[in-house]
Amino acid sequence: MRYGPASVVPFQIDLSSIARRSVASLYSHLVTRPTGRALRLGIESQIGELGAACISVLDFTQVVVLDYSCADEAVAKLMDRYRGADRPADVYFLARGLGEQHRDPIEAVLARYDMALSAEVAAAGFVLLGTASPGERDVWVALESTRTAAPDEIARLLNGDERETTTLLDGLCERRVALRRSDSRYQALSSLLAVAEA
Amino acid sequence: MKVTTLPASLDERTFDAVARGLDGEPAERRLFDGSHVRWADPYGMIGLLAVGSVAGRESEQPILRLPEQPDVLSYMARMGFFEHAEAIFEIHGATRRSRHDGPSDVLLEITAINSHADVHSVVDLVNERGMSILTKQLNYPVREAFQFSVVLSEVCQNIIEHAETGGWVATQRYTWTKRLAGRKVVVIAVMDLGVGFRQSLSSTHAARHGDGGRFSDAAALEAAFLHGQTRFHDPGRGQGLQQIRKQVGRWNGRVSIRSGSARIADVPDWDDSLPLEEQLPFVPGSQIGIILPARVDEGGLTVPAHAAKGEVQ
């Protein structure tokens, strides 16, 4: 199934506000599995209410401490639920507001599940977290720089082979860190975020 | 009555001597004589609570004779030791001060961990109190100081997730006078009297290897500590200890886990303990010790402890 940007609903989730709502305003730090589980259920519920393909933005701006257990529940298990063919909705996840202290836990839990996540990291801009081959990372960076491109354009940028580039782009779409449009061009997820905020 | 004289220094290095107080007939009453204790750290104090709890399971409430040195008693009071000890020991000795009668320099008093809510309280408290200690006294960058809370959170959750019972945590900052050239360190101790690593992993191990009966404490510790094995069939589980090791390693710290009759540790170059010990006095549950040395500044560069010169043990 292919989606153009117009059919994807950007959907931003402030993790700290969800935490407050889901865990009865008790916790200002995202630690422990039950907290992560509550977060995940809250996010899943909001995604379910949208009932459409959406970009789900996980906003860490207000999060001071994130531990591995909570990250496993709130990020990895959440993304894992929406990556398989039996996913309950078509969701693309983006993280933003990440500080350096959040990177380790998120990278670690993504690696456990062999997943990747587009993320906006303070002072580094958008980066690809988690697992990806060097070729996929190069293509992802090139797509980020162009925001939208056809495979031959990316191939030219990287001095690469068009067919191989197409395979890598499709791999990124399979990992849900890029979008394939109905006109056969590819789109960086971060560009959809900019459209939503304009 | 079996009498155990507590060592002058109550810490991880002397814990096995305290644990030997459990040797012998379980029904025999125990007396732990702390008259000559001159120093106690979080590991030593929580370890005493753990050993006392075990001693009281099958016999009359054990007796604790308190240290004679007033400053040791005062410090134990500030760490909240007596609030927990009174339920475990019949206490003999001088009156001790409450921990609430003055400003405290304690990073985290001895705190019972019985639920995830307790873990949140610990993280909140340490973030509130500990940031200036970690950044100004131990020279950790702010980002790494936050990771200290993560380590504490994961190690406390280990009690709830695996021990199937409650436990205690405490942490304090010290200046070592002899080891590490007088550098400041933070000591974390976390203990429980639960099922321990061997029992926690035995069903998984038996399913994999078919020899659950021969699964030793040391093998269980190696499986969990070195290989991240866990009883949960979930790819997200088992990473807490691995990440603690990774983080403590970055700080050139020491992390050890004692469970049953074995202890396993990541030993930095400034420490002389063994990476794996077996046939120790049996103590149920698990006892985790973490030591984090201050970063030192050499010629304007802040470097991890192991890169500094002038090591004196």
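A nonpolar core here is a set of buried Ala, Val, Leu, Ile, Met, Phe, Trp, Tyr and Cys residues joined through C-beta atoms within 7 Å. Buried means that 20 or more other C-beta atoms lie within 10 Å of a residue's own, exposed means 12 or fewer, and partly exposed is in between, with C-beta atoms placed from the backbone. This is a predicted model, where local features need pLDDT of at least 70, side-chain atom pairs count only at pLDDT 80 or more, and totals for chains, interfaces and linings use all residues. Residues are numbered from 1 along each chain as its sequence is written, while chains are lettered from A and ligands numbered from 1 in the order in which they are written.

Q: Which helix of chain B gives the most to the largest nonpolar core?
A: That core has 144 residues, and A:Leu117, A:Ala178, B:Met45 and B:Ile46 have the most contacts inside it. Helices are DSSP runs (H or I, at least four residues), strands are too (E, at least two), and both are numbered from the N terminus. With eleven residues, the top giver from chain B is helix 6 (residues 142-163).

Q: Where does this core lie relative to the domains of chain B?
A: Domain bounds come from an automatic or database domain assignment. Both domain 1 (1-99) and domain 2 (105-313) of chain B give residues to the core, so it lies between them.

Q: How many residues of helix 8 of chain B are buried?
A: Helix 8 covers residues 217-226 and is mostly covered. Its buried residues include B:Asp217, B:Leu221 and B:Phe225. Out of ten residues, the buried count is seven.

Q: What is the phi of A:Asp114?
A: Look in the loop between helix 4 (100-113) and strand 4 (116-121) of chain A. Most residues other than glycine have a negative phi. A:Asp114 isn't a glycine, yet its phi is positive, near 55°.

Q: Is A:Arg147 buried or partly exposed?
A: A:Arg147 sits in the loop between helix 5 (134-146) and strand 6 (148-149) of chain A. There are 14 other C-beta atoms within 10 Å, so A:Arg147 is partly exposed.

Q: How many residues on the side of chain B that touches chain A are polar?
A: Contact means that two residues have C-beta atoms, placed from the backbone, within 7 Å. Chain B brings 19 residues and chain A brings 21. Ala, Val, Leu, Ile, Met, Phe, Trp, Tyr, Cys and Pro count as nonpolar, Asp, Glu, Lys and Arg as charged, and the others, Gly among them, as polar. On chain B's side, five are nonpolar, three are charged and the polar ones number eleven.
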